[in-house]
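Reader: I am new to this structure and should be grateful for a close look at one part of it. Please choose a single helix and explain how it is placed among its surroundings.

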Amino acid sequence: DTVYVNVEAPAPKPESIRRDIFFVIRNSEISKAEMPKLEEIAAYLNKYPESKVQVTGYADKGTGSPKINIGYAQKRADIVVNTLVNQFGISRDRISADSKGDTVQPYEKNELNRVTICIAE
C-alpha cells in the first residue's frame with residue numbers, strides 16, 4: 001500500500017531589499033522625501049517577520065573631520081533605527097546597526113555621500 005503524506009513546502013525566502021536614506025550635509029534628520037524608504041523597509045519587515053535589517057551610517061569625507069564625521073554617521077544610523085522601532089513598531093532585536101564614519105565612501109563619485117544604507121533580508 002502507498003501512503004501519501006502531505007508535506008508543506010517551506011515558505012520561499014524573500015529577496016533582500018536595499019534602501020538608501022540620504023541626509024543633508026551636517027544633518028542627521030530624516031527628511032519627508034526620504035521617509036517613504038523607511039516605510040518600505042518597515043512594510044518588508046512586517047511582511048517577513050523572520051527577516052532582519054542591517055543599518056549602516058556614513059558621512060562625506062570631503063567635509064568635516066574624521067571625528068565629526070563618525071558622529072554624524074552614528075547619529076544617522078541611530079535615527080534610522082529609532083524611527084523603525086518607535087514609529088513603525090519594528091522590534092529592536094531585528095535591527096543591526098553600524099557606522100563607518102567617512103572611512104567608507106559608498107557614493108564617492110557624487111555628492112550623495114551622506115547616507116544610511118538599510119539592507120533587509
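Author: What follows is an account of helix H2, together with the parts of the chain around it.

The model is a predicted one. The protein chain holds two helices and four strands, and from the N terminus on these elements run in the order β-α-β-α-β-β. Of the 121 residues of the chain, 38% count as buried. Among contacts with a separation of 6 or more, 77% join residues that are 24 or more positions apart.

Helix H2 covers residues 66–86. At 1.5 Å a residue, its 21 residues should span 30 Å, and the C-alpha atoms at its ends are indeed 30 Å apart, so the expected and computed spans agree.

Which residues of H2 are buried? They are Asn 69, Ala 73, Arg 76, Ala 77, Val 80, Val 81, Thr 83 and Leu 84. Viewed down the axis of H2, these buried residues fall within an arc of 165°, and they therefore line one face of the helix. The general geometry of helices helps to explain such a pattern: an α-helix has 3.6 residues a turn, so residues three or four places apart point the same way. On the other side of H2, Lys 67 and Asn 86 are exposed.

The buried residues of H2 pack against several elements: strand S1 (17–22), helix H1 (35–47), strand S2 (53–57), strand S3 (95–99) and strand S4 (115–120).

Thr 83 offers a view of this packing at a single residue. Thr 83 belongs to helix H2 and counts as buried because its relative accessibility is 10%, where buried means under 20%. Leaving aside residues up to four places away in sequence, Thr 83 touches Ile 30, Met 35, Leu 38 and Phe 88. Two of these partners, Met 35 and Leu 38, are among the buried residues of H1.

Another feature involves Lys 75 and Tyr 72. The charged end of Lys 75 sits over the ring of Tyr 72, at 5.9 Å from the centre of that ring.

Helix H1, against which H2 packs, may be described in the same manner. Its 13 residues should span 18 Å at 1.5 Å a residue, and its end C-alpha atoms are 18 Å apart, which agrees. The buried residues of H1 are Met 35, Leu 38, Ile 41, Ala 42, Tyr 44 and Leu 45. They are covered by elements that include S1, S2, H2 and S4.

Tyr 44 also takes part in an aromatic pair, and a search of the whole structure finds one such pair. The ring centres of Tyr 44 and Tyr 48 are 5.0 Å apart and their planes meet at 55°, so the pair is tilted. Tyr 44 is buried, with a relative accessible area of 7%, whereas Tyr 48 is partly exposed, with a relative accessible area of 25%.

The loop between S1 and H1 contains Ala 33. Ala 33 is exposed, with a relative accessible area of 61%. Its C-alpha atom is separated by 9.4 Å from that of Ile 21, which lies 12 residues away along the chain.

The charged pairs complete the surroundings. Side chains of opposite charge can pair when their charged atoms come close. A search of the whole structure finds four salt bridges, and three of them are described here.

In one, Glu 40 pairs with Arg 19, with the closest N and O atoms 2.8 Å apart. Glu 40 lies in helix H1 and Arg 19 in strand S1, so this pair ties together parts that are 21 residues apart in sequence. Both residues are partly exposed: Glu 40 has a relative accessibility of 36%, and Arg 19 has a relative accessible area of 24%.

In another, Asp 20 forms a salt bridge with Arg 18, the closest N and O atoms being 2.9 Å apart. Asp 20 is buried, with a relative accessible area of 11%, while Arg 18 counts as partly exposed at 41% relative accessibility.

There is also a salt bridge between the side chains of Asp 98 and Lys 100, with a distance of 2.9 Å from N to O. Asp 98 is partly exposed at 28% relative accessibility, and Lys 100 is partly exposed at 30%.

To return to H2, its buried residues line one face of the helix and pack against H1 and the strands S1, S2, S3 and S4, while Lys 67 and Asn 86 are exposed on the other side.

Note on methods. Residues numbered from 1 in each chain as written. Predicted model: local features only at pLDDT ≥ 70, side-chain atom pairs only at ≥ 80, totals over all residues. Heavy atoms only, no water. Expected span 1.5 Å × (residues − 1). Buried < 20%, exposed > 50% of the residue type's maximum accessible area, 1.4 Å probe, protein only. Arc of directions from axis to C-beta. Contact = heavy atoms within 4.5 Å. Phe/Tyr/Trp six-rings, centres within 6.5 Å; stacked < 30°, edge-to-face > 60°. Lys NZ or Arg CZ within 6 Å of the ring centre and 35° of its normal.
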